[in-house]
Amino acid sequence: MSWDESGPPHPLAERRSGRSEQEPDRLPEVRELEALGWEPAPETYAWIFLPYVWPPAARTWIPDRGTRWAVETRLDGHGHVVEVECAPLAEPDLDLLEAEAAEIIAALGLPPRPRGRVWLLRPPGPFHSVEALLTHLSELARARGVDPLHPSPELLALTRTELAALADPS
């Protein structure tokens, strides 16, 4: 298991450079990879460790050149939207989000993840999507008394074991 610290990004990423105003999951290279069967890894904290335990042949990454946006919505007295303002998240806010993720990863006993990557996954085994596999993992976790909504060493171990079994069907 690893974060593939020294591995290169997917070759499709080499065709793009510079910042983009699009969210990371909307980048053109992500869309190209989706057409090839890749899916962005979930961003939820419960599954933040997935790229680390995912089978190496079924994961890849691209440099994160996207922009995360803060959206502020103002409503009138009747609950109708009267104004929407979007602004890129400031660097301190991005650092705070990364620090929260790093804290969760460290609490799981994993090494720090490389910053600045958008992870993409392909589901191993009989699953048609990452979401279908996460549903399976969540059901398996609940059946074993593990909360699939919160990252924990138990969820990590269960996921690692199940993914290894799915990647090696022998």
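In the predicted model, tryptophan 47 is in contact (heavy atoms within 4.5 Å) with Pro42, Leu134, Leu137, Ser138, Pro148, Leu155 and Thr159, when its neighbours within four places in sequence are left aside. Residues are numbered from 1 along each chain as its sequence is written, and side-chain values use heavy atoms, with hydrogens and water left out. Because the model is predicted, local features need pLDDT of at least 70 and side-chain atom pairs count only at pLDDT 80 or more, whereas totals for chains, interfaces and linings use all residues.

The largest nonpolar core, a set of buried (under 20% relative accessible area, 1.4 Å probe, protein chains only) Ala, Val, Leu, Ile, Met, Phe, Trp, Tyr and Cys residues joined through side-chain atoms within 4.5 Å, has 33 residues, of which Trp47, Phe49, Leu50, Val53, Trp54, Leu110 and Leu133 touch the most other members. At least two residues of this core come from each of helix 2 (50-53), helix 3 (91-107), strand 5 (117-121), helix 4 and helix 5, and helix 4 gives the most, with 7 residues. Apart from this core lies another, of 9 residues, including Leu12, Ile62, Val118 and Leu120.

Helix 4 (residues 130-143) and helix 5 (residues 153-167) pack with their axes, which are lines fitted to C-alpha atoms over the stretch in contact, 10 Å apart and at an angle of about 125°. The two helices are therefore oblique to each other, a term for angles that are not under 35, over 145 or from 65 to 115 degrees. Their contact is made by Leu133, His136, Leu137, Leu140 and Ala141 of helix 4 and by Leu155, Leu158, Thr159, Glu162, Leu163 and Leu166 of helix 5.

Technical notes
Axes fitted to C-alpha atoms, helices over the stretch in contact; angles between N-to-C directions. Helix = DSSP H or I, 4+ residues; strand = E, 2+ residues; numbered from the N terminus. Buried < 20%, exposed > 50% of the residue type's maximum accessible area, 1.4 Å probe, protein only.
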